[in-house]
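This report describes how strands and helices are arranged in one protein chain. Please keep the structure in view while reading.

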Amino acid sequence: MSSNPHVLIFPYPAQGHILPLLDLTHHLALKSITITIIITPKNLPLLNTLLSTHPTNIQTLTLPFPSHPNIPTGAENIRDIGNTGNYPFINALSKLQPLIIQWFNSHSDPPVALISDFFLGWTHQLARKLDIPRICFHSISALLIAVLNHCWRDFLPPQPLQAVVQFPGLPGTPSFNCDHLPSIFRRYRESDPESELVKESFAANAKSWGCIFNTFRELDGMFLDHLQHEFGHPRFFAVGPLCSNRVESDPSEGSEVLKWLDKWEEDGSVLYVCFGSQKVLSKQQIKALALGLEYSEARFVWIVKEDNGSLPDGFEDRVSGRGLVVKSWVPQVAILGHRVVGGFLSHCGWNSVLEAMMAGVAILGWPMEADQFVNGRLLVENVGVAVRVCEGADSVPDPNELGQVIAASMIGDSLQKRRAKVMKEEAIKAISEGGNSSKELDKLVNALINLV
């Protein structure tokens, strides 16, 4: 057996989940941890940079993606089918258990721990069969996990929920519209076998030996404390933001955007508009957003997916000079970090939230699904770095109101911009040597070493 701990890492194949866990894997590899990553063939390219950076201490366990009647052949990542695919994906991946056990039992230096995504709670049972501790990786905020835990515990069996759901047991007693609760919970159907496996998976997360969070105490501390009290053990590791060392694809692909940004002199004057890798806006939403940007008179870069339908006639001509519409991949971290970008019109996905926070950029939130409404509340009401511009996957904002909010947020030094700069300092401090997240990463590494 090697002197360094060997850890098995199992990411969930959705961009918002897998990217931060791969970032954590990079940090663990830098600490001389030996790592095996469970991956399926079509997700393997996501590991290219990581494997070339750490050729000696990161290996892969590449397993075939199990077939499922509700997953099209060839789909291995949630971006292939959208958010509705989570129940089938969770259930399909649980069928890998026998292959993982077989690999483990034949390994000359088997792992001493399993770190797996919180959507893979069934791996708690797997870890028990392997007789190793399972550490649950939460790719999102502690507030979201606190809300989810209360949902699974307090609102099942299913019952008609009030239009507004109260959470009196959580710090600050937050409340949410019923249809703004996390969609992974709202899709549950009693007695449906796939729903029951998902429910059991989330219950198993609370029994994990340890918990890792992609957040930091200055952002999410009271909810981390709340969860630690509920779970009743000290092995909590808040190690975020896990995006500071993210290596993007060839930056030359987005060089025209960065050159366009370079020509502006006023810091913080450009709005970046992007809704992540999954969401496709309707034609009505595109039109309303385009008109809102036009009416705002703000400078902007808008990432429009090619399948997003057509922009209003003459829009690009009318905003020429102050607005840039891009229909290709762009280096989001580099754009957010550019000195002239001061705002981010976003769906409030947690990866995008943390990237904005590391860049010190205010958020104009349009949450649409999944965890995004909960994230939006944290950003607007608890942290003060965001304003809401719209809510809901099918909502269409009023262009005049949207234009006014954009203008007010981008002109000068708004409250949200000032708060964003403060949170940037806190985020950088957290991951720097001696910061809370840096110290908790060291605690995690020591906990793994002590398992050898």
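Helix α1, residues 15-30, lies across six strands of this predicted model: β1 (6-10), β2 (34-39), β3, β4 (113-117), β5 (134-138) and β8. Relative to β2, the helix runs at about 160°.

These six strands belong to an open sheet of seven, in which the order is β3-β2-β1-β4-β5-β8-β9 and the pairing is parallel. Strands β3 (58-62) and β9 (236-238) stand at the edges; each has a single partner strand, so one side of each has no neighbour in the sheet. On average, neighbouring strands of this sheet are turned by 20° against each other, direction ignored. In general, the strands of a sheet pair through backbone hydrogen bonds, either parallel or antiparallel. At the β9 edge, the partner is β8 (residues 210-213), and the two strands pair in the parallel sense over three bridges. One residue pair illustrates this: I212 has F237 in β9 as its bridge partner.

A further open sheet consists of six strands in the order β12-β11-β10-β13-β14-β15, and its pairing is parallel. Which strands stand at the edges here? They are β12 (323-326) and β15 (386-388), each with a single partner strand, so one side of each is left without a neighbour in the sheet. The twist from one strand to the next averages 15°. Strand β15 pairs with β14 (residues 362-365) in the parallel sense, over three bridges. Within this pairing, R388 of β15 is the bridge partner of G365.

The table sets out the two sheets.

| Strand order | Pairing | Average turn between neighbouring strands |
|---|---|---|
| β3-β2-β1-β4-β5-β8-β9 | parallel | 20° |
| β12-β11-β10-β13-β14-β15 | parallel | 15° |

Helix α11 lies across three strands of the six-stranded sheet, namely β10 (270-273), β11 (299-303) and β13 (341-346). Its direction is at about 160° to β11.

Helix α11 (residues 283-296) also meets helix α16 (residues 399-410): their axes come within 7 Å and cross at roughly 50°. The two helices are therefore oblique to each other, and their crossing is right-handed. On the α11 side, the contact is made by A288, L289, L291, G292, L293, Y295 and S296. On the α16 side, P399, N400, L402, G403, I406 and A407 take part. What is the character of the residues in this contact? Nine are nonpolar, four are polar and none is charged.

Technical notes. Residues are numbered from 1 along each chain as its sequence is written. This is a predicted model: local features need pLDDT of at least 70, side-chain atom pairs count only at pLDDT 80 or more; totals for chains, interfaces and linings use all residues. Side-chain values use heavy atoms; hydrogens and water are left out. Two strands pair if DSSP finds at least two bridges between them. Helices (H or I, at least four residues) and strands (E, at least two) are DSSP runs, numbered from the N terminus. Axes are lines fitted to C-alpha atoms, for helices over the stretch in contact, and angles run from 0 to 180 degrees between N-to-C directions. Contact means heavy atoms within 4.5 Å. Angles under 35 degrees count as roughly parallel, over 145 as roughly antiparallel, 65 to 115 as roughly perpendicular and the rest as oblique. A crossing is left-handed if the near helix is turned anticlockwise from the far one by less than a right angle, and right-handed if clockwise. Ala, Val, Leu, Ile, Met, Phe, Trp, Tyr, Cys and Pro count as nonpolar, Asp, Glu, Lys and Arg as charged, and the others, Gly among them, as polar.
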